[in-house]
Amino acid sequence: MPQNSAAVLPAPYADLVVRDADYTAPAAGELVIRNRAVAVNPLDEIKQSTGDLMYKWLPHPAVLGEDVAGDVVEIGPGVTGFHVGDRVVAYAVGMEKGRNHTAEGGFQLYSVVEAQLTARIPDDLAFEDVVVLPLAISTAASALFQKDQLGLDHPTAGGHHPAPRQSVLVWGGSTSVGSNAIQLAVAAGYRVVTTASPHNHDRMRALGAEHVVDYRSPSAVSDLLTLLDDQTVAGIFAVGTGSAEPCLTIAIATGARRLCLASPSVSMSTLPRRRSLLALSRFGLQMASRVAPLMVRSRLRGIRTRFVWGSSLMTNEVGPMLWNDFLPKALADRSYVTAPRAEVVGTGLQSIQPALDAVREGASATKFVVLL
Ligand SMILES: NC(=O)c1ccc[n+]([C@@H]2O[C@H](COP(=O)([O-])OP(=O)(O)OC[C@H]3O[C@@H](n4cnc5c(N)ncnc54)[C@H](OP(=O)(O)O)[C@@H]3O)[C@@H](O)[C@H]2O)c1
C-alpha cells in the first residue's frame, strides 16, 4: 500500500503540519489520485482563520484542499471511463458534510475523489496549470446552470455558437470563480459583460467577455446599464464582497429575474485569526444588516436572489455534465483555457501553509499552486 502524508490542520486557527496519513482505497464511484499539484483557495484560508464559523462539521485534525491534479492510481467498483495512469484534475470534496473528511481532502499525496467530479486532461497540459480549476469552475457551473440558480443553457465544447441572443453579467470576472463563469457562459452561447480592475481588462476579453468595467469606478453601475441597454439579461452572477447590492440594482433596472451570489456580504478577512466573541458578534450584526434588506428588496421586486454553494453540483446533473462531458472535451480541443493563471509558490506539502499565507495577503487574477 502506498505511503501517504498530509498537510493537516491540527486544531482551529493553527498552522498546517505535515504528518503521515492513512491511504484509503476507493469505494464505488471513486478513484484515488496521486496528487502532483494542489491549489489553495480563499475558502481554505477562511477555514483556517475563522475556526468553526464555517464547516462546523469538520473534525480536527482536518485535511483541507479542494483543487487537485495528478495520476489515477486506483479505481473503485463501477467506475468507467478512467484507467490507472490517466492524468486527471479533480474536485476534492472532503470538507463537505457527510464525506470521508480526511480521505477526500486535497492537501495530501493521495486523495480519494468522486469519478463524477474528475476530468481527464491532455498529455501536454501541465498539472500546475489545470489545478486552478476545480472549486472555481464547480462554483461557476453551479451558479450558472443549476435549475435552482440561474438555470442557463448548458455549455458545449468547441466554441462554435450562433450569435448570442441573451446577456449574462458576471460581477468579479477576475476572481477565479468569475474567470470560469465568463468562459462557461460564453460556451453556453451568452454574451458576457463583466467587471475587473483595469489591469485585468485584456485578460477578461481574452476569456470571451465582450465588455469589462472597473468595479471600483463610481460609475460602474451606470456603465454596466449602458452596456446592457436593450439586452435581455438571462441572469446575473455576483462574485466579490459588496457585489450583491449593485447587482440587484442592475437586475431591477434590466428586468433580470435571477441573481446568484457567491460571496458573503461582509468579508470574512475582517475577522481576527483567533476566537473572539466580540468580533464574531460584530460580524454577525453586519451580515444581518446587509443581507436582510437585500433579500427584502429582491422579494419586493420579484427577483430570485440566492447564494450558491460550490459543491452543490455533486448532487445534480450539473456535476457530470461539467466534469465528465464538457471539461475533458473543452480542454482537449483548447476551447477552454485554465484561468486564473497559476503561480507555483513551492514544492512539497510543507509549502501549502506559505501558500495559504499568500492567499491571506491577496491575489489578482492568480491562483497559488504547490507541486507535490
Ligand atoms: N459560495 C461558494 O461556494 C464559493 C466558492 C468559491 C469562492 N467563493 C467566493 O467567491 C469569491 C471569489 O473567490 P475566488 O476564489 O474566485 O477569489 P480569488 O481568485 O482569490 O479573487 C481574487 C480577485 O478578486 C477580485 N476582487 C476583489 N474584491 C472584489 C470585489 N469587491 N468585487 C469584485 N472582484 C473583486 C480581484 O480582482 P482585481 O484584481 O481585478 O481587482 C482579484 O483578482 C470569494 O468571496 C469567495 O469567498 C464562494
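# A walk through the model, from loop to ligand

A365 sits in the loop between α10 and β15. This is a predicted model, and A365 is a good place to enter it. The phi of A365 is near 50°, a positive value in a residue other than glycine. Most residues other than glycine have a negative phi. Is A365 buried, exposed or partly exposed? It has 19 C-beta neighbours inside 10 Å, so it counts as partly exposed. A residue needs 20 or more to be buried.

Step back along the chain to α10. G362 follows this helix, and its phi is positive, near 105°. The helix itself covers residues 352-361. Its buried residues are I352, Q353, A355, L356 and V359. Seen down the axis of α10, these buried residues fall within an arc of 155°, so they line one face of the helix. What does that face pack against? The partners are β1 (4-8), β3 (30-39), α1, β14 (341-347) and β15 (366-371).

Now take the loop between α9 (318-332) and β14. R334 lies there. R334 is not a glycine, yet its phi is positive, about 65°. R334 counts as exposed because it has 11 C-beta neighbours inside 10 Å. P340 is found in the loop between α9 and β14 too. A cis peptide bond joins A339 and P340, with omega about 5°. Another cis bond runs from H60 to P61, where omega is near 0°. P61 belongs to the loop between α1 and β4 (67-75). Most peptide bonds are trans.

Next comes the overall layout. The chain is divided into domain 1 (4-132 + 340-371) and domain 2 (137-307). Domain 1 is thus written as two stretches of the chain. Taken over C-alpha atoms, the centres of domain 1 and domain 2 are separated by 26 Å. The contact between them takes 11 residues from domain 1 and 12 residues from domain 2. On the side of domain 1 that touches domain 2, six residues are nonpolar, four are polar and one is charged.

Where does the ligand lie? Both domain 1 and domain 2 give residues to the shell around the ligand, so it lies between them. The shell holds 29 residues. The closest are T175, G240, S263, G310 and S364. Three elements give two or more residues to this shell: α1 (42-49), α3 (134-145) and α4 (176-187). Which of the elements gives the largest share? That is α3, with three residues. The shell has 14 nonpolar and 15 polar residues. It has no charged residues.

Finish with one residue, L228. It is placed in helix α6 (residues 220-228). L228 has 22 other C-beta atoms within 10 Å, so it is buried. Which residues does L228 touch, beyond those up to four places away in sequence? They are S167, L169, V193, V233 and T254. I250 is 22 residues from L228 along the chain, and their C-alpha atoms are separated by 9.1 Å.

Look back at the route. It began with A365, a partly exposed residue, and ended with L228, a buried one. Between those stops came the ligand, which lies between domain 1 and domain 2.

Key:
Residues are numbered from 1 along each chain as its sequence is written. This is a predicted model: local features need pLDDT of at least 70, side-chain atom pairs count only at pLDDT 80 or more; totals for chains, interfaces and linings use all residues. A residue is near a molecule or strand if its C-beta atom, placed from the backbone, lies within 6 Å of it. Helices (H or I, at least four residues) and strands (E, at least two) are DSSP runs, numbered from the N terminus. Ala, Val, Leu, Ile, Met, Phe, Trp, Tyr, Cys and Pro count as nonpolar, Asp, Glu, Lys and Arg as charged, and the others, Gly among them, as polar. Domain bounds come from an automatic or database domain assignment. Two residues are in contact if their C-beta atoms, placed from the backbone, lie within 7 Å. A residue is buried if 20 or more other C-beta atoms lie within 10 Å of its own, exposed if 12 or fewer, and partly exposed in between; C-beta atoms are placed from the backbone. The arc is that of the directions from the helix axis to the C-beta atoms.
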